[in-house]
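Visitor: I'm new to reading protein structures, and I'd like a close look at a single part. Could you take me through the charged side chains and how they pair up?

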Amino acid sequence: MSHTDFFTLSTPREGLIPITRVVQAFVDKSGIRDGICVVFTPHTTSAVTINENADPDVRDDLILGLDAAFPDRPEFVHMEGNSHAHLKSSCVGASETVIIEDGKLLLGTWQGLYFCEFDGPRTRKCYVKILEG
Ligand code: ZN
């Protein structure tokens, strides 16, 4: 048995948006107790990641670090002018996979799921695929 669904987000210019509760609600709705949950963003300047859920400063530091690693360079030729956002998207990745155990996302105590916006504000789509097994 499997279930695919999606949700939309209104994003800021840049940032990590907590989505653990939204994704857990999809798991609850699916009724699947044990399996795999894939969270996927179909955009080229956003990403999905897992990181610390306690101190929100970590999210800001991640953006700061990614900005330092992937600055907007004058050498970039992509005419849309957002190559730094495309680089961040590919580096962080378009999806995460989380084990579902006893109906709950099997995340560490300090882990949360985040939608990463690198070129907002936009309305974004995020898919959730839940597989039983
Ligand atoms: Zn572009």
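Guide: Let's start with E75, which counts as exposed because its relative accessibility is 53%, above the 50% cut-off for that word. Keep in mind as we go that this is a predicted model. E75 forms a salt bridge with R73, and their closest N and O atoms are 3.5 Å apart. R73 has a relative accessible area of 42%, so this partner is partly exposed.

That pair is one of eight salt bridges found in a search of the whole structure. Another joins the side chains of D67 and K88, with 2.5 Å from N to O. Here the two partners come from distant parts of the chain, 21 residues apart: D67 sits in helix α2 (residues 57-69), while K88 belongs to helix α3 (residues 83-92). Look at how the surroundings of these two partners compare. D67 is partly exposed, with a relative accessible area of 31%. K88 counts as buried because its relative accessibility is 1%, and buried means under 20%. This pair also takes part in something wider, since R13, E14, D67 and K88 are linked in a network of salt bridges.

Now move along to D119 and R122, whose side chains meet in a salt bridge of 2.7 Å, N to O. D119 has a relative accessible area of 19%, so this residue is buried, under the 20% cut-off. R122, at 33% relative accessibility, counts as partly exposed. While you are in this stretch, find the peptide bond that joins G120 and P121: this bond is cis, with omega at about -5°. P121 is found in the loop between β7 (111-117) and β8.

From that loop you can follow the chain into strand β8 (residues 123-132), where E132 lies. E132 counts as partly exposed because its relative accessibility is 44%. On the surface, E132 gathers with D34, E101 and D102 in a patch of negative charge. One member of this patch deserves a second look. D102 lies in the loop between β5 (95-101) and β6 (104-105). The phi angle of D102 is near 50°, which is a positive value in a residue other than glycine.

So your tour has two kinds of stop: salt bridges, such as the one between E75 and R73, and a patch of negative charge that includes E132 and D102.

Notes
Residues numbered from 1 in each chain as written. Predicted model: local features only at pLDDT ≥ 70, side-chain atom pairs only at ≥ 80, totals over all residues. Heavy atoms only, no water. Patch = residues over 30% accessible without salt bridge, like charges linked within 9 Å, V, L, I, M, F, W, Y side chains within 5 Å. Areas by Shrake-Rupley, 256 points an atom, 1.4 Å probe, with all protein chains shown as cover. Salt bridge = Lys/Arg side-chain N within 4 Å of Asp/Glu carboxyl O. Lys, Arg positive; Asp, Glu negative; His and termini not counted. Charge placed at Lys NZ, Arg CZ, Asp CG, Glu CD. Helix = DSSP H or I, 4+ residues; strand = E, 2+ residues; numbered from the N terminus. Buried < 20%, exposed > 50% of the residue type's maximum accessible area, 1.4 Å probe, protein only.
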